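User: Got a minute to go through this model with me? I'd like to start at the end of one helix.
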Amino acid sequence: EALVACLAELDEKSRDAVVLRFQHGFTFEQMAEICGEKSGTLQVRVARALPQLRAKLEQRTGGF
């Protein structure tokens, strides 16, 4: 529940990249085909989104 709420707080492109990568298990190359972007761009987007997501989760759950 907390994860879904925190994902909703990410910008749309970051949220889509995180969901494609971790919920659907796509490779960055597959994601690039789906999104019409470079795989490197998507790698950076996911890498930048994860610390944001972690901080939001820690804030929401009190660090648990």
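User: What does Gly-62 do just after α4?
Analyst: In this predicted model, Gly-62 takes a positive phi of about 75 degrees just after α4. Helices here are DSSP runs (H or I, at least four residues), numbered from the N terminus. Local features need pLDDT of at least 70, side-chain atom pairs count only at pLDDT 80 or more, and totals for chains, interfaces and linings use all residues. Residues are numbered from 1 along each chain as its sequence is written, and side-chain values use heavy atoms, leaving out hydrogens and water.
User: OK, where does Arg-45 lie?
Analyst: Arg-45 lies in helix α4, residues 39-61.
User: Is Arg-45 buried or exposed?
Analyst: Arg-45 is buried, at a relative accessible area of 16%. Buried means under 20%, exposed over 50%, and partly exposed in between, using a 1.4 Å probe and protein chains only.
User: And what is Arg-45 in contact with, beyond its neighbours within four places in sequence?
Analyst: Lys-13, Ser-14, Ala-17 and Glu-37; contact means heavy atoms within 4.5 Å.
User: Switching topic: at what angle do α2 and α4 pack?
Analyst: About 100 degrees, with the axes of α2 (residues 12-23) and α4 9 Å apart. Axes are lines fitted to C-alpha atoms over the stretch in contact, and angles run from 0 to 180 degrees between N-to-C directions. The two helices are therefore roughly perpendicular, a label for 65 to 115 degrees.
User: Which α4 residues make that contact?
Analyst: Leu-42, Arg-45, Val-46, Ala-49, Leu-50 and Leu-53.
User: Which residues of α4 are buried?
Analyst: Leu-42, Arg-45, Val-46, Ala-49 and Leu-53 are. The buried residues of α4 pack against α1 (2-9), α2 and α3 (28-35).

How values were computed
Parallel < 35°, antiparallel > 145°, perpendicular 65-115°, else oblique.
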